[in-house]
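User: I am in my first year, and I would like to learn how words such as helix, buried and pocket are justified. Could we go through one example together, step by step?

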Amino acid sequence: DAGEFGLLRARKLLSDDDYEELLARLDAFLSKQKDKDKNFAVEWFCEQYDSRYVERETAIEAKRLNNERVSANLFSLLWGGFCTFLGLMGFIIFPLLVRIEANTRPTTRATAVS
């Protein structure tokens, strides 16, 4: 029957929690249906649930990809700042070390030989 196909497909695709949610919502939906074709109602409900599930999963995936992009951008920014900091420290410290080394050399004075 048509409704069973939707449920079997949903069982294969959904996690246990999502499938339990589907069954609970389907049960509530079917209890509100009067003298209508239950198979058609089940198939329609499964199609609607499937389209909303796909939309939700797509939105979650888009958020995950956006978070990864933001993390990569932040990492690049921090790495660039760190490299700039190291470059500036080298620019400042290297001349200072040269100056210290020059000041700590023993001075050689020419001694007059008499």
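User: What span should the 17 residues of helix α2 have at 1.5 Å a residue, and what agrees with it?

Analyst: Please keep in mind that this is a predicted model. At 1.5 Å a residue, the 17 residues of α2, which are residues 16-32, should span 24 Å, and because the end C-alpha atoms of the helix are 25 Å apart, the two values agree.

User: How do you know that the buried residues of α2 line one face of the helix?

Analyst: Buried here means under 20% relative accessible area, and in α2 the residues that are buried are Asp18, Tyr19, Leu22 and Leu26. Seen down the axis of α2, these buried residues fall within an arc of 95 degrees, so they line one face. The face turned away from that buried side carries exposed residues, namely Asp16, Asp17, Glu20, Asp27, Ser31 and Lys32, where exposed means over 50% relative accessible area.

User: What span is expected for α3, and which distance agrees with it?

Analyst: The 67 residues of α3 should span 99 Å at 1.5 Å a residue, and its end C-alpha atoms are 96 Å apart, so the two values agree. In the protein as a whole, the secondary structure comes to three helices and zero strands, with the order α-α-α from the N terminus on.

User: What makes a set of residues the largest nonpolar core, and which residues belong to the one here?

Analyst: A nonpolar core needs buried residues of certain nonpolar kinds, joined through side-chain atoms within 4.5 Å. The largest such core has eleven residues, among them Leu7, Tyr19, Leu22, Leu26, Phe45 and Tyr53. The elements giving two or more residues to this core are α1 (2-13), α2 and α3, and α3 gives the most, with five. Of the 114 residues of the protein, 15% count as buried, and in α3 the buried residues include Val42, Cys46 and Tyr49.

User: Which residues line the largest pocket, and what is its volume?

Analyst: The largest pocket has a volume of about 180 Å³, and its lining consists of Glu21, Arg25, Trp44, Phe45, Gln48, Tyr49, Arg52, Tyr53 and Arg56. The elements that give two or more residues to this lining are α2 and α3, and α3 gives the most, with seven residues.

User: How do the residues of that lining divide by kind?

Analyst: The lining of the largest pocket divides into four nonpolar, one polar and four charged residues.

Technical notes:
Residues numbered from 1 in each chain as written. Predicted model: local features only at pLDDT ≥ 70, side-chain atom pairs only at ≥ 80, totals over all residues. Heavy atoms only, no water. Helix = DSSP H or I, 4+ residues; strand = E, 2+ residues; numbered from the N terminus. Expected span 1.5 Å × (residues − 1). Buried < 20%, exposed > 50% of the residue type's maximum accessible area, 1.4 Å probe, protein only. Arc of directions from axis to C-beta. 1 Å grid on protein atoms, 1.4 Å probe; cavity = no way out; pocket = protein on both sides within 12 Å on 5 of 7 lines; lining within 4 Å. Points joined across faces, edges and corners; volume = space filled by probe spheres on them. Nonpolar A, V, L, I, M, F, W, Y, C, P; charged D, E, K, R; others polar.
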